Amino acid sequence: MPLSPANAAPASAAPRLCVLLPVPLGETFDYRPLPGAALDPGQLVRVSFGRREIVGVVWDGPTDSRDSTPPPLDKLKSVIAVLDMPPM
């Protein structure tokens with residue numbers, strides 16, 4: 001269940017999120033947070049990945065990215081929804 005805008009946080013959220021997805025690629029993926037959403041590490045989010053939507057975890061641990069240069073912010077997809085569940 002996504003959070004409603006009434007549960008949104010201040011607009012000072014990070015401009016990019018590392019999201020750990022259940023795919024066998026061994027790396028995290030960058031997404032734009034929802035405007036004003038307060039996202040803590042371990043929070044479950046729904047994101048677009050390829051042609052499907054999947055649930056991932058906001059991650060603050062080490063990343064094993066193959067490319068050390070992060071993509072520009074305007075190329076990032078936005079988080080679709082924050083799931084109304086306690087962080088892991």
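**Entry 1: aromatic rings**

I searched the whole structure for ring pairs and got 1 aromatic pair. The partners are F29 and F49, with ring centres 5.1 Å apart and planes at 75°, so I wrote the pair down as edge-to-face. The cut-off I needed here is that planes over 60 degrees apart count as edge-to-face. Next I checked where the two rings sit: F29 is in strand β2 and F49 in strand β3, so the pair ties together parts that are 20 residues apart in sequence. I also looked up their cover, and both F29 and F49 are buried. Reminder to self: this is a predicted model.

**Entry 2: overall layout**

I stepped back to look at the fold. I count 0 helices and 5 strands in the protein, and reading along the sequence gives me β-β-β-β-β. How much of the protein is buried? I get 31% of the 88 residues. For the surface I noted about 5800 Å² exposed, with carbon and sulfur atoms supplying 59% of it. I then took the contacts between residues at least 6 apart in sequence, and 66% of these join residues at least 24 apart.

**Entry 3: strand β1 and its partners**

I went to β1, residues 17–20, and sorted its side chains by face. L17 and V19 make up the covered face, while C18 and L20 are on the uncovered one. Which strands does β1 pair with? One is β2, in the antiparallel sense over 3 bridges. Another is β4 (residues 52–58), again antiparallel, over 2 bridges. V19 turned up in both lookups: its bridge partner in β2 is F29, and in β4 its bridge partner is V58. I had already met F29 as a member of the aromatic pair with F49.

**Entry 4: V45**

I picked V45, which lies in strand β3. Buried or exposed? V45 is buried, as its relative accessible area is 0%. I listed its contacts, leaving aside neighbours within four places in sequence: V19, L39, I54, V55, G56, V58, V79, A81, V82 and L83. So V19, from the covered face of β1, and its β4 bridge partner V58 are both on the V45 list, because each has heavy atoms within 4.5 Å of V45. I also took a C-alpha distance from V45 to P33, 12 residues apart along the chain, and got 9.6 Å.

**Entry 5: Q43**

Q43 sits in the loop between β2 (29–31) and β3 (44–49). I wanted to know its cover: Q43 has 8% relative accessibility, so I logged this glutamine as buried. What does its side chain have for polar company? A polar atom of the Q43 side chain lies 3.0 Å from the backbone oxygen of L83. Skipping neighbours within four places in sequence, I found Q43 in contact with G56, V57, V58, V82, L83, M85 and P87.

**Entry 6: M88**

My last lookup was M88, in the segment after β5 (81–82). Its relative accessibility is 71%, so M88 goes down as exposed. M88 still has contacts beyond its neighbours within four places in sequence, namely G42, L44 and V57. V57 was also on the contact list of Q43. I checked one C-alpha separation as well: M88 and V58 are 30 residues apart along the chain, and their C-alpha atoms are separated by 9.5 Å.

Methods. Residues are numbered from 1 along each chain as its sequence is written. This is a predicted model: local features need pLDDT of at least 70, side-chain atom pairs count only at pLDDT 80 or more; totals for chains, interfaces and linings use all residues. Side-chain values use heavy atoms; hydrogens and water are left out. Helices (H or I, at least four residues) and strands (E, at least two) are DSSP runs, numbered from the N terminus. Buried means under 20% relative accessible area, exposed over 50%, partly exposed in between (1.4 Å probe, protein chains only). Accessible areas come from the Shrake-Rupley method with a 1.4 Å probe; for residues, only the protein chains shown count as cover. A polar contact is a pair of N or O atoms within 3.5 Å; within protein, one must be able to donate a hydrogen and the other to accept it, and residues adjacent in sequence count only if both atoms are side-chain atoms. Two strands pair if DSSP finds at least two bridges between them. Rings of Phe, Tyr and Trp (its six-membered ring) pair if their centres lie within 6.5 Å; planes under 30 degrees apart count as stacked, over 60 as edge-to-face and the rest as tilted.
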